[in-house]
Amino acid sequence: MKPVGLYGLMAEFENPGDLVAAARGARAAGYAKLDAYTPYPIEALTEALDIHDRKLPALVLGGGILGGLLGYALCYWTSVISYPLSIGGKPFHSAPAFIVPTFETTILVAAFAAVLGMLGLNGLPMPYHPVFNTPRFALASRDRFFLCIEARDPKFDREKTRAFLEGLRPSIVMDVEP
Amino acid sequence: MQVFHRSTNTISRVSVFGAVFFLALLLWLFDALNRSPYTTLQGVARVQPVQFSHKHHVGAMGLDCRYCHTTVERAAFANIPPTKTCMNCHSQIWDQSPELEPVRASFRTDRSIDWVKVYDLPDFVYFNHSIHVAKGVGCETCHGRVDQMPLISQHPTLQMSWCLECHRNTEKYLRPRDQVFTMGYVPAARQEEIGQRLKSEYHIRPVLELTDCTTCHR
Amino acid sequence: MSDALRPTGSSPTSETSSRAILAPGYSFTSVTDKIASIALSRRTPWQWFLGALTGFALTMVLLASLSYLFVKGVGIWGVNQPVGWGFAILNFVWWIGIGHAGTLISAILLLLRQPWRNSINRFAEAMTIFAVACAGIYPLIHVGRPWLAYWLIPYPNSMSVWPNFRSPLIWDVFAVSTYATVSLLFWYVGMIPDLATLRDRAKKLWAKMLYGMLAMGWRGSARHWARYEQASLLLAGLATPLVVSVHTVVSFDFAAGIVPGWHATIFPPYFVAGAIYAGFAMVLTLAIPLRKLYGLEDFITVRHLENMAKILLATGLIVGYGYLMEAFMAFYSGNVYERYAIANRMVGPYRTIYWSLIFCNIISPQILWFRKARRSVPILFVMAMIVNVGMWLERFVIVVVSLHRDFLPSSWGMYRPTAWDWSTFAGTIGLFLALMFLFIRLLPMISIFEMRQILPAAKAAEGE
Amino acid sequence: MSDFTRLREAAGTAGPWRSLGELGASADFREHLHREFRVPIDSGVDRRELLTLAGASLAMAGLTACTRQPTEHIYPYVKAPEEVVPGEPLFYATAHVHGGYARGVLAESNEGRPTKIEGNELHPASLGGTDIFAQAFVLGLYDPDRSQTLSERGEIRPWSAFLAAARLAVGKERPGRGAGLRFLTGATSSPTFAAQMAQTIAALPEARWVVWEPAGRENVYAGAQAAFGERLEPHYAFDRADVILSLEADFLAEGPAPARAARDFASRRRGDSPNRLYVAESTPTLTGARADHRRPLTPAGIESLARAVAAAVGAISGAASSDPFAAAVAKDLLAHRGSGLVLAGEGQPAAVHALAHAINERLGNAGKTVVYTEPVLAGPPGGAAALAQLAEEMRAGKVTTLVVVGGNPVYTAPADLRFAEAMEKVPLRLRLGLYEDETSRLCHWHVAEAHSLEAWSDARAYDGTATILQPLILPLYGGKSAHEFLAAFSEQSDKTGHDLVKDFWRARLPGDFDTAWRKAVHDGVVEGTAFAPRSPSPSLRPLDAKPPGAAETAGELTALFRPDSTVGDGAYANNAWLQELPKPLTKLTWDNAALISPSTAENLGVANEDLVDLLLAGRRLTMPVWIQPGQAEGCVTLPLGYGRTRGGRVANGKGFDAYALRGSDGLWSRAGLEIRKTGGHYPLATTQHHHAMEGRDIVRTVTAAALARDPDAVRKMGEPPPGPDDTLYPKLPAAAYAWGLSIDLAACVGCNACVVACQAENNIPVVGKHEVTRGRAMHWIRVDRYYEGSLDDPLTVHQPVTCMHCEDAPCETVCPVAATVHSAEGLNQMVYNRCVGTRYCSNNCPYKVRRFNYFLYSDFPTELAKMVRNPEVTVRSRGVMEKCSYCVQRINRARIAAERENRPIADGEIVTACQQVCPARAIVFGNIADPGSAVSKARGQRRQYGLLAELGTRPRTTYLASIRNPNDALPGAAKTGGDHA
């Protein structure tokens, strides 16, 4: 995005209820490129902004399967193929014993998939973000609720959109520098 | 307010991935170093009191290994020849050469020549020359083309993985008994066939037995 | 300042609030500021310095003991034939046990939708990680040649030999390291939004930078929150079987052996129960002083303590059942060695330890049947302490008393811990304290955003 | 002048020494000798040790981490001796001399270093077996505490100076025809030495030879004197005896040839018609432990028993006593005329010996089970009387020159003689000694004695058979042999020991001397030197009058003085192997203690390790007590040989000196002992704390009768083990050989020889008293000892326990790094270099045979300590587990030999160290896959059982149940069951 111009317009609300309402309104008004910022997860918002993304569970499942396969493969290859050793009269392929490491690797890889997946899909780490340019945005992690309509929204028009946001009875509407 | 500059986004992502690769690199380096001649002394020629040349004695003059290493067929240790053996010839030829003064000195003073050990296994490894020779493992297989080495140096890594390689695939290395002391031996037919045949002929024990710990560790 | 933050006309001990998991009258603002201020602005109380210093001092003792150990060998401990395992392993099991409550609270209670967990899960998780860290030290140092301990990890090597995947110790390596990693991830992910809060609340630039980097630029976007919630649920789903598996695997160290007193199928369940038991005891041990020290009675209410007391009672009973079954099966099996092992626990040279264990873990917790006791802070604190000791004694009985008399009477012997055994143990306690105090000073010890969730205002927004 | 240079000079001539060239890397002897000898790790570890600890540990880290091998050097021969092949051991026949009697051995030499002792099949006292002393004496060769110099009043002098001094002394004595000259020696059977002595004395007729052996055989000879009117050597054919009555004769552990006795005795225990052994003794012995009926009796009690039996069989006049035991024994003996045997121990008064002889004569056992020959020991009658007279003469100033050859009289002499004080009255005192000990301190001249592996000599076995002792190595410290020393006082002072011995035999060997000599030296026995049997005529007069001797008044305590079972009379006190070897019955190490009976302990209100004051005839000694089940009531056993003050670093300050109480009026036992509790406490190191089997079928004992009734008696004793197919797992591919070991508990006499042999063969370190008290002894094979029955007279059983090499080994499964795994041939392999030391395997081993290096126990810094090590076995460092390997180095040696020749390994080709020494042949090793092998035959027996086999470990080491053959006419210990902890 270019340094000049505007990232978007941001409206600040006193309480979650207004934000949820505002979000509904904005979508109803046909705005697509908008996001809400809240100090804690609000389920109502997901539905209001109709966010549905099922990538993460798939990732975790994949991770789990991969981890399991790797774990068992490790046990099998080392104890049956690479250097078979007669240990305690047990067969080289001691499946029951191999279950434990397999289980652990399954969990491990799945967990990594969950965390890295979440961060990756959220595009984190991203220490710099335009929304931080608005001083009051610091309150987004405390007690204020923000709705931001981005400039790249086709329907975005500096004046009209500002007017629209004003109509949602926010405590204030601000420009967000890019 | 904005705490970080734009560029930090890129920096942070790069550093996250970088860290992972850096760690991997370190591990790889460590392993490489561990297998490198720096650790194994593979192919590193040592300074000896007498710059004895196998190339000359074996390659040029064609001495048999057993002329000096007399016990190789009956004992675990392929002995380093006594000074007497050197003097057998060198009391006649090169008997004035300054190179050989340490040998003559040893013979005079009755003090051993102080050789630096080249093939040096850890003390918890028990290697037996006689059995390998008896089973058709050529000197060359472990010691390399000694007949081309002016100064002897360690041919293999002497790491356990190297030992196992042969104990697991004997057929790849066996040669007829009469070829054991040959340098530059070329198999008459495909090595696999010969190897398989000799394996049964010489009653080579199965892999599981050859890779038992007590085969080498006691 | 904390008083300024307390809403007027509410006292946390009043009957109304005592059922609540959060004293009334709090707003997003006050909750946020009160918790954040502990890390950022509030003056550090002298008790903190006292605690932290003790912790660091004991950590030095640990380092000293370890250096001496590495120079001389495990012979400096009381271990011998027949008792090949002593304090090292029993402390390992003890710490691992303690390290169970955190993940349990954050994972299982999350799945069970227990909102009261929100105010205790953060430092419970921290406790978990530090306990696991302490536990992790022991298996490494108790071996005869610690500089070769890395041979327990499967990696391609010039010897082309591999670990033995049939050995419970290798299972331990996998289980404990996985558990440590996942707990750490869970803990960190859970903290990201609060780190963002600290970033935004911090005054000094370096603090902003520090928290900012850790927060990874979290900005509370609704889309992020959505995935974040997914992730926490999934992690919880993964951590739940994991937390159960870890102490199960630890119990295999014994159950997979043939030593009379070890070789029992009841071990996995009752080890897990024991772990939760010990874990919650430790949570109480930490929570009670902390809430007092930082005036968090409004967040960690008597309700919390009571709930934990109930869990203590429940798991305590399971553990008791475990002991009972052990004894019964030994008798019922008709196996002379098993019978002797149990009899030896009860009347043998170590009987005092066995009976004090019974008192600590089985008898004393019965007091928690009474509501009054469950709601009395001092009683709970003493109770928790007793259980901590009791669980340690249990491990002593399992590890040492089983080993010192096994099959051939000719080889029977006694185990006597040396000064070095004790100093190492004290050392790990020090390490634990040190880490704990650093944590409460530098990081939000209560999950701020999850506290916001249980505010009435939040509930309203969700249309509840 | 340095030993080292001298050795170098010698290097030209003697073969073995050349190998120092091989050792060259560290060949500076000066350095070794002056380096501090590391006493086995005890409470503390000093700084230098810490460094070595760290160093050695790091070194072991080698290979895997990026540590490079340190540069090593090779020192080849200059002129290679014919017979030496580097890496191939050589064996030389020689003998170990104990109490004057030769016990034939073969000494193993690796590159010229004597490292291991084996028995000599050709030698009558060995037949291939050895005892603990023979096994351990090789360690003494490298003892850095051995005297290393020849000195006069502490000043180092050359040999020539001593020769001059000796010549001067003899010159001084010549006018008086040697009246002032006294030679004091220990018991010796060396023909050469005797001849030299005779020669010397012939030159100086008034000189006298005094023999003093602290625990000698004087009573035996005196007994014969009493019975037959002449000093005779009785020896016994235990293999021909059906009924044996031992009057405190511990023939399985003490006496002239215990190894031979054990072999003969055991040969009659395994069969279907076992012999029967009655033992009457005051203090428990190994022989007593094997008894079918054992009677704890006071010395007087033993004598009256002997009389009762003698009377009952009509050997002496007098009425048969009412004692049912005596009656039963007599009945049994009478029923076995000619195949019975009665013998008395060294500690018994002459009268009892005479009675024994009388009974044997009467029953016609003489010539059959007991044979008489002329005395084996040379020299005049010894004993307290001789020494007392010498002390008297010295005190009276009659002695002007005292020559002490070996022994250590100042330490061992009876206290009432105040020998040291008397000795100091002698103007010139010269001494030959292995150590600069208590006696040397009081001598003007001290000559370092050569170890018997360093010198030429000869000695006779119990039956007179002579052995030529040959050196395997030049004297490490330039010591001199007794022959060279004695020669200094004769005209032959210029001769070497080799010449002296050879010259003596020159006249005496039949046929071509060189051939005969070579054969004699090679075989280790000189043919035809055994003494011819005599058939003496009994003259039983002295017996009718009851001699005075020790008569106890009731309630009075009797002190018994016995050589300690591991350090003997003190001669072995500086031998760490023997110090750490658990005493066969008490299982004590590193100390001696006053053994008291349980009831005595009760009366005195003392417990183990309590310090007490012992008062006897005005003499006093403070010592801890140890309660010994089976000890005769009122008898207190005081083992000799401890409390050394100048015995060397290992010996000094260990235990308590019982000689301080011992008087010449009661060398073996003396009534009138008083015990006072001091309230003090002294920790003792025992390797076994629990003595009952807790009703578990660990050591299975069956009576001959029961076995005859029911062949399955033994198998029915325990829970049945799982059958070969009771498993879920598929069988792993089996190899051509399946190694297994069988231990016959009926034959085993619990002598501990296997323990020392294993220690020598496998480089097992010594850990010291403190570590033993912490339960960290390292022996790979241990001999467990359990008691059954009443505390006062229990049945004592012994059981050697090795690694069982379980086919389904619990230890293997739990090792995280696969450091202990199974070989295709069924060995439970322990790979030291892979072990990280979790000790999980040891926890999971039901037999607790695994041993852990809690510290760096192996002595890495001391060069001398390295010389005794077996080059075929890895020296373990700190932090690794170790255990019995079935002597895998011997298996591999045999296998390689066989494979080189493309043939299978023959049965009996592999002999484990424990099997090789076992005097009773109780241990058999071999291939259990071959039904024809000896071990398979042993395992095939109906007495066979596996220890704890019901656990499903499928042990490869199995046992044959012990057999007892009680007399139904008596309530025998063997029948009493039940346990006492």
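Colleague: Which residue's side chain meets that of B:Glu101 in a salt bridge?
Modeller: Side chains of opposite charge can pair when their charged atoms come close. A salt bridge here is a side-chain nitrogen of Lys or Arg within 4 Å of a carboxyl oxygen of Asp or Glu. In this predicted model, the N to O distance for the pair is 2.8 Å, and the partner of B:Glu101 is B:Arg108.

Colleague: Is B:Arg108 buried or exposed?
Modeller: Let's use cut-offs: buried means under 20% relative accessible area, exposed over 50%, and partly exposed in between (1.4 Å probe, protein chains only). B:Glu101 has 31%, so B:Glu101 is partly exposed. B:Arg108 has a relative accessible area of 58%, so B:Arg108 is exposed.

Colleague: What ground rules apply to these values?
Modeller: Residues are numbered from 1 along each chain as its sequence is written, while chains are lettered from A and ligands numbered from 1 in the order in which they are written. Side-chain values use heavy atoms, leaving out hydrogens and water, and in this predicted model local features need pLDDT of at least 70, side-chain atom pairs count only at pLDDT 80 or more, and totals for chains, interfaces and linings use all residues.

Colleague: How many residues apart are D:Arg295 and D:Asp323?
Modeller: Their side chains meet in a salt bridge at 3.3 Å, N to O. Helices (H or I, at least four residues) and strands (E, at least two) are DSSP runs, numbered from the N terminus. D:Arg295 sits in strand 12 (residues 293–296) of chain D, and D:Asp323 in the loop between helix 11 (299–312) and helix 12 (324–335), so the pair links distant parts of the chain, 28 residues apart.

Colleague: Which of D:Arg295 and D:Asp323 is buried?
Modeller: D:Arg295 has 24% relative accessibility, so D:Arg295 counts as partly exposed. The other partner has a relative accessible area of 18%, so the buried residue is D:Asp323.

Colleague: What is the N to O distance between D:Glu909 and D:Arg903?
Modeller: D:Glu909 counts as partly exposed at 29% relative accessibility. D:Arg903 counts as partly exposed, at 29%. Their side chains meet in a salt bridge, with an N to O distance of 2.9 Å.

Colleague: What average pLDDT does chain D have?
Modeller: pLDDT is the predictor's confidence in each residue, from 0 to 100. In chain D, 90% of the residues score at least 70, and the average is 88.
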